[in-house]
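This report concerns side-chain pairing and nonpolar packing in one protein chain. Please consult the sequence and the structure shown here while reading.

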Amino acid sequence: MSSNTEFAWLIERADSEPSAPWYWAAGHQPNKGKGTGWTQDHLEAIRFARRRDADKVAERLFPDIEVRICEHGWTP
């Protein structure tokens, strides 16, 4: 793996397929299936440096939506 690989935690909807997840992207507008704020483009997702921050946001913003917190990596 490249030393330039960037890692971050993302909030994914638990009702999406792991092979095609819906990521939380805050005010993302293309409303295609999961509602405003969600995208299947991992580059549009909100990234968290710490898992505990993603957990806290998910707990406070999505009390009625089951989500999963997953670590992702991107290489330039």
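The salt bridges are described first, followed by the nonpolar cores and two of the residues within them.

**Salt bridges**

The model is a predicted one. Its salt bridges number six, and the table lists three of them, with the separation of the closest N and O atoms for each pair.

| Basic residue | Acidic residue | N to O separation |
|---|---|---|
| Arginine 47 | Glutamate 6 | 2.7 Å |
| Arginine 50 | Aspartate 53 | 2.8 Å |
| Arginine 13 | Aspartate 15 | 3.0 Å |

In general terms, side chains of opposite charge can pair when their charged atoms come close.

The salt bridge between arginine 47 and glutamate 6 joins distant parts of the chain, its partners being 41 residues apart. Glutamate 6 belongs to strand 1 (residues 6-13), while arginine 47 sits in the loop between strand 3 (38-39) and helix 1 (51-61). Arginine 47 has a relative accessible area of 30% and is partly exposed; glutamate 6, at 38%, is also partly exposed.

How buried or exposed are arginine 13 and aspartate 15? Arginine 13 counts as buried because its relative accessible area, 12%, falls under the 20% cut-off. Aspartate 15, in contrast, is partly exposed, with a relative accessible area of 46%.

In the pair formed by arginine 50 and aspartate 53, arginine 50 is partly exposed at 40% relative accessibility, and aspartate 53 is partly exposed at 28%.

**Nonpolar cores**

The largest nonpolar core has 10 residues: Trp9, Ile11, Trp22, Trp24, Trp38, Phe48, Ala54, Ala58, Phe62 and Ile69. Strand 1 and helix 1 are the elements that contribute two or more residues to this core. Separate from it is a second core of five residues, among them Leu10, Tyr23, Ala45 and Trp74.

**Tryptophan 24 and alanine 58**

Tryptophan 24 is located in strand 2 (residues 23-24). Its relative accessible area is 14%, so tryptophan 24 lies under the 20% limit and is buried. Setting aside residues up to four places away in sequence, tryptophan 24 touches Ile11, Gly37, Trp38, Ala45, Ile46, Phe48, Val57, Leu61 and Phe62.

Alanine 58 is another member of the largest core. Apart from neighbours within four places in sequence, alanine 58 makes contact with Ile11, Pro63, Val67 and Ile69. Ile11 thus appears in the contact lists of both tryptophan 24 and alanine 58. The C-alpha atoms of tryptophan 24 and alanine 58 are separated by 9.4 Å, and the two residues are 34 residues apart along the chain.

How values were computed: Residues are numbered from 1 along each chain as its sequence is written. This is a predicted model: local features need pLDDT of at least 70, side-chain atom pairs count only at pLDDT 80 or more; totals for chains, interfaces and linings use all residues. Side-chain values use heavy atoms; hydrogens and water are left out. A salt bridge is a side-chain nitrogen of Lys or Arg within 4 Å of a carboxyl oxygen of Asp or Glu. Helices (H or I, at least four residues) and strands (E, at least two) are DSSP runs, numbered from the N terminus. Buried means under 20% relative accessible area, exposed over 50%, partly exposed in between (1.4 Å probe, protein chains only). Contact means heavy atoms within 4.5 Å. A nonpolar core is a set of buried Ala, Val, Leu, Ile, Met, Phe, Trp, Tyr and Cys residues joined through side-chain atoms within 4.5 Å.
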